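I opened this notebook to record what I looked up about aromatic side chains and unusual backbone geometry. The entries follow the order in which I went through them.

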Amino acid sequence: MVKNKYIYYLFLINALINVINFVPRGLIAQRFNGAAMAIVVSVPIGLTLMYLCVKMMNKFPGEGLPEILNANFPRLVSKVMLFGHTLFWYFAGLITLVAFVDVTMRYITSDVSPLLIMVGFLVVVCLAIRLTSESILYGLEVLIVINVPIIIYVLFKALLNPMFSWDAVMQVITYSLKAPSYGAIAQATFIFTGYLNLAVFNRVFDKVRIRQLWLIGIFGFLTLVVTVFIPIGYQGTINVERHVYPWFSTADVLRTKNFIIERVLFFFYFTYLTLSLVSSIIHWHVALEMFKGLFTTKEKKKRKIDPEWWMILAFCAAALILMNTNQFVRDRAGLLYLDGRLIAEMILIFSLYLAHKRRRAKKRE
Amino acid sequence: MRSSKKEQDSLLKWFQEKLSKSSDVEQRSLGNSDQQVNLMYLRSVSDSKVVNQYIIRPYYEMEEEGVYEKYIASFPGSKSSQDAKEALELLLNGYIAIFFNEGTLYLFDAVRAEAGPVAEAQTEVIVQGPSDSFNESMDVNMNLIRRRYQSGDLKAETTTVGHKSKTKIAIMYDETRVDPQVLKELKKCLDGINIDILQAAAELDKYLSGNKYRLFPTTIVTERPDRAVFNISEGKIILIVDTAGFVVILPAVFSDFFTAMDDKLQVLPVGWFLKGIRYLGLILTVLIPGLYVAFTSYNPEVWKVQIALLVAGSRATVPYPSYIEVLIMLLMMEFLTEASLRLPKAIGPTATTVGGLILGTAATEAGLVSNIMIILVSAVAISNFVIPMNMMGFTIRVIKYPFIFLATIYGLLGIVLGLVSVIMYLSSLRSFGQPYFKIYALDRIRTNKVQRERENG
């Protein structure tokens, strides 16, 4: 059993990781069409979902989603649902990894082949997802504590720079009153989704409590504002949409004056690579556990090779195939994933509610 | 009467058979042929003065055998045993077997343990604070601990490990503070150890942790009684290994290996500073070689221009890629450390002079390695020695090579991959069921707050 604080880390990792993903790009694309409003709206939506999910999860202390679904739903229904969730979590991890292969190629080492980079990522991630949930949480904590100071440093560096154009930011803010699209809301709520990893990590929590929900709300809101407006402040209201990774381009603008490393990009890269890896580890760990939940049979056979390895092998094979897609396909898929995610999240929470009801009904009988 | 006499004879015979071909066996008969008491002991492990003074002389001063038997039984440490096998074990341990006429057998404690005096600590030197260290005798070691921890809660259980060496091991812990789960697991582990000879505390550490291929030590091996006592007070368990001179502390966490005992003596900010220095040393010694490879071969653009040019200029004469340069120099440094460790004290300094001064200067002048490389290698070596616990220091020495490998393949990316892997690996380790690598400082602030609240009511 782990302490309650780890739920905050699970939230934090998603909130921090969103800037490298498709969230800023999606929101920036709609900066004149309600992105700002989407940010405002996403806070209550995200918090409500978080509150409901934690509340529902508390009804099943020490249980993960696979156990809950398998026990309370017909076999077929639970299998379909688990498979769907596996896909969503798998894609969450995969998108991060593929994006980072691309970033590495563009900004850091163009000498290494993308395949080799992907293999490196996969080795680290796949070895780590087999660890126990507790171990992953401990590692997550350490990496976040190491990286948060660097993030704060980069943030200050960005905000205090005289070249930062507040006018551009103001210009975009004047479009705040536009009604947001569903896509923008789905993208903005992504940063609150970290709690959803409870679906598996609930196994190691005693009882989850989230205190100061409003503080999380404010933090989430500020994160989103920073995510969208800092690139706009540096690259202008119009040109900002030409960047594939707006945040990396922004970090590359900054330079330190009194240090042996000149480009802030490298701090940024270091931080976000470690965080992306650990985020992928978490997502794939959840995906793996869900996938294993698909195949639980009553009697446990001892096999020579742990079936887990076959699943991991499947994960890797799919990742190596899917990384060859081109930029546009990936872009579309990323935004599609974010759109679908919000619905899947609601389905998950609703299914938990149903499971709770069914279990209570069963008990009454 | 005759029958019991026979019994005594057969018992004696059995012992003689078991101990045949041992030249240090002493067997003596006291009294006349009718009323006879037989003694048997090993000259090498029993104290002959004790035998003369407390066993042989009183026999002739006493009138009756019954009184003598009572006299023997009254000594602390004497046992009457029915089990011949157990008796034999005790005999080998240094006890004296006394066979009485009625077939009863007494074992009299006359163990002579040779151990060095309580000397100064050699491997964990500190500036201020107590300087005594454990020696090879378990009783002395227990004394060193009991004297510093005078509480009835301090328990000491003994057991033996090793089929042939029968090494005595004392498990000491504070009953009120110890985690019972850890204690249970430890006892299970100790029962499971299946070896012939146990001679050193560090060896025990290897067998206890189960996984042979783990990289980091999960128990502390120390020679300082003050460290042992401090850890007992924190709820940890210590194992005193007889004849070892070191004790094992468990469960250990990662940060324990970066604490020196005089941290407690420093004023608080200085203590923090020293601790910070050690972690900085850890990061530097692990990462510098890898970073050098990554920066020179893959990402020279990371540096400020002046530094990048300086490094490139210094490497101008070096005829091979940076990773070979690093490997050559690091290996030379490993040889140097290893050589000066094992050399007799009289020759040791020569090795350092030859290696450090002459080899380093000549290598740069010949253009085989860059000047900056020499600086970095020395920095790596020095920062490695900052780590106060030896076991961890050795691990860290090994850990930097995978980083060089990763940097050779991936550049800067490889270093990050390595860091994440190491952190995930560390978090997956457990020391007797307790997490090994967590940020304890954050927990501690909280528990302190809770404690303070509780004390204030």
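I started with A:F291, in a model that I keep in mind is predicted, and I noted that A:F291 is buried, with a relative accessible area of 16%, which puts this residue under the 20% limit for that word.

**Aromatic pairs**

I then searched the whole structure for aromatic pairs and found 38 of them over all chains. One that I looked up in detail is formed by A:Y153 and A:F267, whose ring centres are 5.8 Å apart and whose planes meet at 75 degrees, so I entered the pair as edge-to-face, the cut-off for that label being over 60 degrees. This pair links distant parts of the chain, since A:Y153 lies in helix α7 (residues 133-159) of chain A and A:F267 in helix α13 (residues 264-294) of chain A, 114 residues apart.

Which of these partners is buried, and which is partly exposed? I found A:F267 buried, at a relative accessible area of 18%, whereas A:Y153 is partly exposed, at 35%.

I next returned to A:F291 and looked up its ring together with that of A:F295: the centres are 5.6 Å apart and the planes are at 80 degrees, so I wrote this pair down as edge-to-face too.

**Cluster and charge over a ring**

I also noted one aromatic cluster in chain A, formed by A:F100, A:Y107, A:W247, A:F248, A:F268, A:Y269 and A:Y272. Where does the charged end of A:R25 sit? I found it over the ring of A:Y245, at 5.5 Å from the ring centre.

**Backbone entries**

Turning to the backbone, I looked up the peptide bond from B:L250 to B:P251 and recorded it as cis, with omega near -10 degrees. B:P251 itself is found in the loop between β10 (247-250) and α9 (268-297) of chain B.

I then checked two residues for the sign of phi. A:Q212, which is not a glycine, has a positive phi near 50 degrees; its place is in the loop between α10 (198-201) and α11 (213-235) of chain A, and at 46% relative accessibility I counted A:Q212 as partly exposed.

In chain B, I found a positive phi of about 45 degrees for B:K166, again a residue other than glycine. B:K166 is in the loop between β6 (154-161) and β7 (167-174) of chain B, and I entered B:K166 as partly exposed, with a relative accessible area of 38%.

Notes: Residues are numbered from 1 along each chain as its sequence is written. Chains are lettered from A and ligands numbered from 1 in the order in which they are written. This is a predicted model: local features need pLDDT of at least 70, side-chain atom pairs count only at pLDDT 80 or more; totals for chains, interfaces and linings use all residues. Side-chain values use heavy atoms; hydrogens and water are left out. Rings of Phe, Tyr and Trp (its six-membered ring) pair if their centres lie within 6.5 Å; planes under 30 degrees apart count as stacked, over 60 as edge-to-face and the rest as tilted. Helices (H or I, at least four residues) and strands (E, at least two) are DSSP runs, numbered from the N terminus. Buried means under 20% relative accessible area, exposed over 50%, partly exposed in between (1.4 Å probe, protein chains only). A charge sits over a ring if NZ of Lys or CZ of Arg is within 6 Å of the ring centre and within 35 degrees of the ring normal.
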